[in-house]
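Q: Could you take me through a close look at the aromatic rings here, along with any backbone oddities worth a glance? I'd love one connected answer.

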Amino acid sequence: MDGWIILDKPSGVFSKSAAMRVARMFGTKKNGHIGTLDPMATGVLPVAIGGATKMVPFIEDFCDRTKEYLFSVQFGFETDTLDITGTEVARTDIIPSESAVRAILPRFIGKINQTPPLYSAVHVGGRRAYELAREGAHINIPSRTVDVYSLELTGRAGDSWNFRMRCAPGTYVRSIARDIAHSLGTVATVDKIHRTMTSGFTIKNAHALDFLENLFNNGGDVGQYLAPVDFGLGDIPVLNLDGNATKLYRNGGFINVGGTDGIYRVYSGKDFVGIGTVIGGVLKPKRTI
């Protein structure tokens, strides 16, 4: 089977492990996923099965990659991982007022400089930062520009302050929480991260890993929750081919189609054929299904 399982990843599971567990239900090792989540984080993890893995680069390069997170923060202490799973490294009695938090949020909207957490997947000297951090190595991670589209405080529940953020890829929720706290003269730790959207995949279409595995283990049809291979490609324009042109395309042939140069989703009627590129009015296959 080929397609997408839009997973609501549980906490405590690595994204790669979650994707492999999904792939085993479909009897294949061929899988991929879009947008890695921290192990403690939950939420939308699009998992590509079989031929859908061919579409991952096109979603990442040509589609809207906006991400949305709901996250909560506790002020007054900070851990080495910047989340609740880490070891405490700082503590203070300074708890900001709600008005102070709301007033400072605009500083973190737009293009901002951000230093990723020490425990993150960024590369430092050819290795992942979290690998070096676990070995106790001294790490100097350079800051980089990220883009935050919106950031708001949505309320409080006990010691947890709840936020919603929309941002571009590469933005770390844990760093946002750290920097908000430092700007207010205190420290903070993230106690929950829930991703509700990534690259056009949303939480309303997501399915819990436990639900899928229970269904599979009891002989149920997990295939009914498999979204089509072209799911998530909606930002890429469409070209339709007739039967002869489709056969030529599938065999790697070039087709005169005219029109505007660029990348296209190619269909034969309702059937998705693949991704092609038009150059000088000529359609050339890039990926076929």
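**Aromatic rings and two unusual backbone angles**

A: Happily! In this predicted model, Leu82 is found in the loop between β5 (77-79) and β6 (88-91). Leu82 is not a glycine, yet its phi is positive, at about 70°. With 6% relative accessibility, Leu82 counts as buried, because the cut-off for that is under 20%.

A similar story holds for Ser199, in the loop between β12 (188-198) and β13 (201-202). Ser199 is no glycine either, and has a positive phi of about 50°. Its relative accessibility is 1%, so Ser199 is buried.

Now to the rings: the whole structure holds seven aromatic pairs. Among them is Phe58 with Phe62, a stacked pair with 6.3 Å from centre to centre and 20° between the planes. Both residues belong to helix α2 (residues 56-62), where they sit four residues apart, about one turn of the helix. Phe58 is buried at 5% relative accessible area, whereas Phe62, at 41%, counts as partly exposed.

Tyr267 and Phe272 make a tilted pair, because their planes meet at 55°, with ring centres 5.3 Å apart. Tyr267 is buried, with a relative accessible area of 8%, and Phe272 also counts as buried, at 11% relative accessibility.

Elsewhere, one aromatic cluster is formed by Trp4, Phe201 and Phe231. Finally, a charge over a ring: Arg156 lies over the face of Trp161, 3.9 Å from the ring centre.

How values were computed. Residues are numbered from 1 along each chain as its sequence is written. This is a predicted model: local features need pLDDT of at least 70, side-chain atom pairs count only at pLDDT 80 or more; totals for chains, interfaces and linings use all residues. Side-chain values use heavy atoms; hydrogens and water are left out. Buried means under 20% relative accessible area, exposed over 50%, partly exposed in between (1.4 Å probe, protein chains only). Rings of Phe, Tyr and Trp (its six-membered ring) pair if their centres lie within 6.5 Å; planes under 30 degrees apart count as stacked, over 60 as edge-to-face and the rest as tilted. A charge sits over a ring if NZ of Lys or CZ of Arg is within 6 Å of the ring centre and within 35 degrees of the ring normal.
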